[in-house]
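Let's take a friendly walk through the pockets and salt bridges of this protein. Have the model open as you read.

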Amino acid sequence: MGKVSYMKLKGSQNLRQRLLLSTLASTPILIEDIRADATWPGLLPHEVSFLRLLETISDDCHVEINETGTKLKYKPGIVMGGGYLEHDCGLSRSIGYFLEPLIVLGLFGKKPLSIKLKGITNDPKDPSVDTFRSTTLPLLKRFGVPSEGLELKIESRGVAPKGGGEVTLSVPIVHNSLKAVTWTDEGMVKRIRGISFSTRVSVQFENTMIHAARGIFNRLLPDVHIFTDHKAGAQAGNSPGYGISLVAETTSGCFIAVDTTNSYARGDNDDNEMDVDEKKELMPPEEVGEQIASLLLGEIEQGGVIDSSHQGLLFLLCALCPQDVSKIRVGKLVPYGIETLRNIRDFLGVKFVIKPDPATGTVMLKCIGCGLTNLSRKLS
């Protein structure tokens, strides 16, 4: 076999994306100093879970972790895909953390992917599963991903700290490669859609949130619909919580999304059942509604064809396109977007030309894709 040459990296930042790019580019990586100085050194539970997920969907991938978890060797295999897979995402990060890399990997698999993920469906840190349905899936269609076979079904919801949610993700494979996009016109906002949810609390919470959010939007545009999704019983997971996900659709077909979730934090009521009075207060639903409406208006104000949480994914899809020019416009570059650009340069050798547009306060990016083709699919 010969000696495997590893690309050496340091630190724990962006581990998920490094593993994703390593798998796509078939580059073995060796990461050292993973939180070596922290109180709890090494890989965190969700990172180990993500490695397990990579093992589930690929064949012949090789993971080695030293006993403190501060050093990781990863040799990617072939992404197999396939149906009826299952993965428990654990409770330290939500399902949203696993979905973004999973969708990209699924496109370059041998067979279409269908996988059931269990864990937390909505939390404040990662994009919620509703945002994935409303915004991320249409984003993939722009790059020529076939829309049949691309779906995310929410079987049951679960919020922190105890989770209990379940979603089923189906991703088709791209038959050759993605297609390059020129996507610079964000258009004007024509309608706002949203979905609110509540688990193990009164349905009145949702009505209050929606009323507050609509109070802000109705002064600006008439076409605002926010649907409710009240879960009870087994479908409501194991913890009480409520939240809302909003998406603005523009005249040029861009989707700009924000979401928020309110539930007790992890570690609030695990072992020591506190008295009811001592539990920290959750933000009242009225404020949640107002806050999320303002957040959405802030994202729209920044300009760009997607919201800031999708920047990383957009750049990655552009870099994976065939060797053709992609041109996109985003609002202010966020740290995650900038890190993504660096990782793309290191793994795929794709450099973006970044040109700020002072008139609108947005940024134009151009790149020539690396021409990744789906080599693992069956050649008929």
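## The largest pocket

The lining of the largest pocket is a mixture: 11 of its residues are nonpolar, 12 polar and 10 charged. Please keep in mind that you are looking at a predicted model. The volume of this largest pocket comes to about 660 Å³. It is lined by 33 residues, and those closest to its centre are Arg93, Lys125, Asp126, Pro127 and Ser309.

Which elements supply at least two residues each to this lining? They are helix H1 (15–24), helix H2 (45–57), helix H3 (95–107), helix H4 (129–142), strand S15 (255–263) and helix H6 (285–302).

## The second largest pocket

Next comes the second largest pocket, with a volume of about 270 Å³. Of its 13 lining residues, Thr23, Leu24, Ser26, Leu375 and Ser376 are the closest to the centre. Two or more residues of the lining come from each of H1 and strand S6 (78–79).

How do the residues of this lining divide into nonpolar, polar and charged? There are 6 nonpolar and 7 polar residues, and no charged ones. Helix H1 is worth a second look, as it contributes at least two residues to the lining of the largest pocket and two or more to that of the second largest.

## Salt bridges between distant parts of the chain

Side chains of opposite charge can pair when their charged atoms come close. Across the whole structure, the search finds 15 salt bridges. One of them joins the side chains of Lys116 and Glu166, at 3.6 Å from N to O. Lys116 belongs to strand S8 (residues 113–119) and Glu166 to strand S10 (residues 165–171), so this pair links distant parts of the chain, 50 residues apart. Lys116 counts as partly exposed because its relative accessibility is 28%.

Glu186 and Arg329 form another salt bridge through their side chains, at 3.3 Å from N to O. Here the partners are 143 residues apart: Glu186 sits in the loop between strand S11 (182–183) and strand S12 (189–199), while Arg329 lies in strand S16 (residues 325–330). Are these two residues buried or exposed? Both Glu186 and Arg329 are buried.

## A third pair and a network

A further salt bridge brings together the side chains of Asp346 and Arg345, at 3.2 Å from N to O. Asp346 is partly exposed, with 39% relative accessibility, and Arg345 is partly exposed as well, with a relative accessible area of 40%. Elsewhere, salt bridges that share partners join Asp130, Arg157, Asp229 and Lys231 into one network.

How values were computed: Residues are numbered from 1 along each chain as its sequence is written. This is a predicted model: local features need pLDDT of at least 70, side-chain atom pairs count only at pLDDT 80 or more; totals for chains, interfaces and linings use all residues. Side-chain values use heavy atoms; hydrogens and water are left out. A salt bridge is a side-chain nitrogen of Lys or Arg within 4 Å of a carboxyl oxygen of Asp or Glu. Helices (H or I, at least four residues) and strands (E, at least two) are DSSP runs, numbered from the N terminus. Buried means under 20% relative accessible area, exposed over 50%, partly exposed in between (1.4 Å probe, protein chains only). On a 1 Å grid over the protein atoms alone, a cavity is a set of points where a 1.4 Å probe fits but cannot get out, and a pocket is an open set with protein on both sides within 12 Å along at least five of seven lines; lining residues have an atom within 4 Å of a point. Grid points are joined across faces, edges and corners, and a volume is the space filled by probe spheres set on the points. Ala, Val, Leu, Ile, Met, Phe, Trp, Tyr, Cys and Pro count as nonpolar, Asp, Glu, Lys and Arg as charged, and the others, Gly among them, as polar.
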